[in-house]
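Subject: Handover of a structure

Dear colleague,

Please find below the sequence and the structure that I am handing over to you. My findings follow directly after them.

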Amino acid sequence: MAAAGRGRERPGEATSGGRARLRYGGAQRALGGGRAAALGPGRAGPGHGQRAGPRRAPGPRRGGALGNPGSFDELHRQCKEVFPQQMEGVKLIVNKALSSHFQVTHTVHMSTLGASNYHFNATFVGDRQLGPTEAFPTLVGDMDNGGSLNAQVLHLVAERLRTKAVFQTQQAKFLTWQFDGEYRGDDCTATLTLGNPDLLGESVILVAHFLQSVTPRLVLGGEMVYHRRPGEEGAILTLAGKYTAPNWVATLNVGYGGAHASYYHRANEQVQVGVELEANTRLQDTTFAFGYQLNLPQANVVFRGLLDSNWSVGGVLEKKLPPLPVTLALGAFLNHWKNRFHCGFSVIVG
């Protein structure tokens, strides 16, 4: 649980079935076994004969009321969504809604770099809807053909207080058990996370987040990570800031472990770009990445590309096939320095 140097998987390197990052409001895709690899454009284009003019992204107004800053884990979300997801091999994803509350997903992944696998995902969503991607209670479970399980439970205890429990196993062995509590006020968010508590082994990981909306555009906060195990104890403090303009967002995390800066810019309805800079003081490593997203709503096409300081380039083309509930995605990634290339193709049904 690194404080500031959290990075994205580098292109040109094989991706593993590592732990899915769990967030509030993203339960349906957090444990989808790769369901985020080929999402559709999700935007309706202008009507026939109309010209798609530039439109600024919504932003807070000057002098307006302070809003809730959201979750600490989502500070860099807008920039990260511009970058393409790693793809390799062939993947088939079938989504089936059994009711308005229950959905199942079958994922078959035939890999050229690692072992092929199958994932079964089940999601239950309750009646209380707080937003387009937030509903409580939510239960998500994902199991692969090897018997490994990822599960999480989201529950709204009170109007401003929500909790989350996360469990991860590798066959018959527990890897992760995590408990979160989050308070969302009118202009602040406070989160406390307890990870892998072991009373007998005297080990624990404790993470505290706090964000405060200083102005309608400026958010300041911090993160403290405390870990303890026999013979070792320490804490890492990270400060964070985010500034939101009508069509761009700048975010910075700075701490003892390093720094993470990102910049997101929405040029118009079709073009979005993002830039990330990550520095890790312990590894003495700094990386820079540039990503862009091109939307063609009338063609139901979305293209995402990237270029980084590790001599890696990559891109993913996503195409919806209306009226069929099918999305196709084709991606390729090349690392010039390591002379590694891999490509992937995925089909999403439902």
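I begin with E182, which is buried, its relative accessible area being 1%. Please note that the model is a predicted one. The side chain of E182 meets that of R162 in a salt bridge, with an N to O distance of 3.9 Å. This lies within the 4 Å cut-off that defines such a bridge. The pair links distant parts of the chain: E182 belongs to strand 7 (residues 173–184) and R162 to strand 6 (residues 161–170), 20 residues apart. R162 is likewise buried, at a relative accessible area of 5%. Both residues belong to one network, in which salt bridges that share partners join E134, R162, E182 and R184.

Salt bridges elsewhere

In the whole structure, the search finds 12 salt bridges. As a general point, side chains of opposite charge can pair when their charged atoms come close.

Another of these bridges joins E276 to K80, with the closest N and O atoms 3.2 Å apart. Here too distant parts of the chain are linked, since E276 sits in strand 14 (residues 271–280) and K80 in helix 2 (residues 77–80), 196 residues apart. How accessible are the two partners, E276 and K80? E276 is buried, with a relative accessible area of 2%, whereas K80 is partly exposed at 27%. The limit for buried is under 20%, so E276 at 2% falls below it and K80 at 27% does not.

R77 forms a salt bridge with E81, and the closest N and O atoms of that pair are 3.3 Å apart. R77 is partly exposed, with a relative accessible area of 31%, and E81 also counts as partly exposed, at 40%.

Cavities

R77 appears again in the lining of a cavity. The structure holds two cavities of 30 Å³ or more, and the second largest contains about 30 Å³ of space. Which residues line the second largest cavity? They are E74, L75, R77, Q78, K242 and V249. By class, this lining divides into three charged residues, two nonpolar and one polar.

Nonpolar cores

V249, from that lining, is also a member of the largest nonpolar core. This core has 11 residues: C79, V82, F83, M87, V249, Y264, A289, L306, V316, A329 and F333. L75, which lines the second largest cavity, belongs to a second, separate core of five residues. Its members include F72, L75, L211 and V219.

Strand pairing

Strand 2 (residues 102–110) and strand 3 (residues 117–131) run antiparallel and are joined by eight bridges. V108 has Y118 of strand 3 as its bridge partner. The two strands form a hairpin, with six residues between strand 2 and strand 3.

Strand 3 also pairs with strand 4 (residues 134–144), again in the antiparallel sense, over 10 bridges. One bridge partner in strand 4 is F136, which is matched with R128. Strand 3 and strand 4 form a hairpin as well, with two residues between them. In a regular strand, the side chains alternate between the two faces of the sheet.

Yours sincerely

Terms used: Residues numbered from 1 in each chain as written. Predicted model: local features only at pLDDT ≥ 70, side-chain atom pairs only at ≥ 80, totals over all residues. Heavy atoms only, no water. Buried < 20%, exposed > 50% of the residue type's maximum accessible area, 1.4 Å probe, protein only. Helix = DSSP H or I, 4+ residues; strand = E, 2+ residues; numbered from the N terminus. Core = buried A, V, L, I, M, F, W, Y, C linked by side-chain atoms within 4.5 Å. Pairing = 2+ DSSP bridges. 1 Å grid on protein atoms, 1.4 Å probe; cavity = no way out; pocket = protein on both sides within 12 Å on 5 of 7 lines; lining within 4 Å. Points joined across faces, edges and corners; volume = space filled by probe spheres on them. Nonpolar A, V, L, I, M, F, W, Y, C, P; charged D, E, K, R; others polar.
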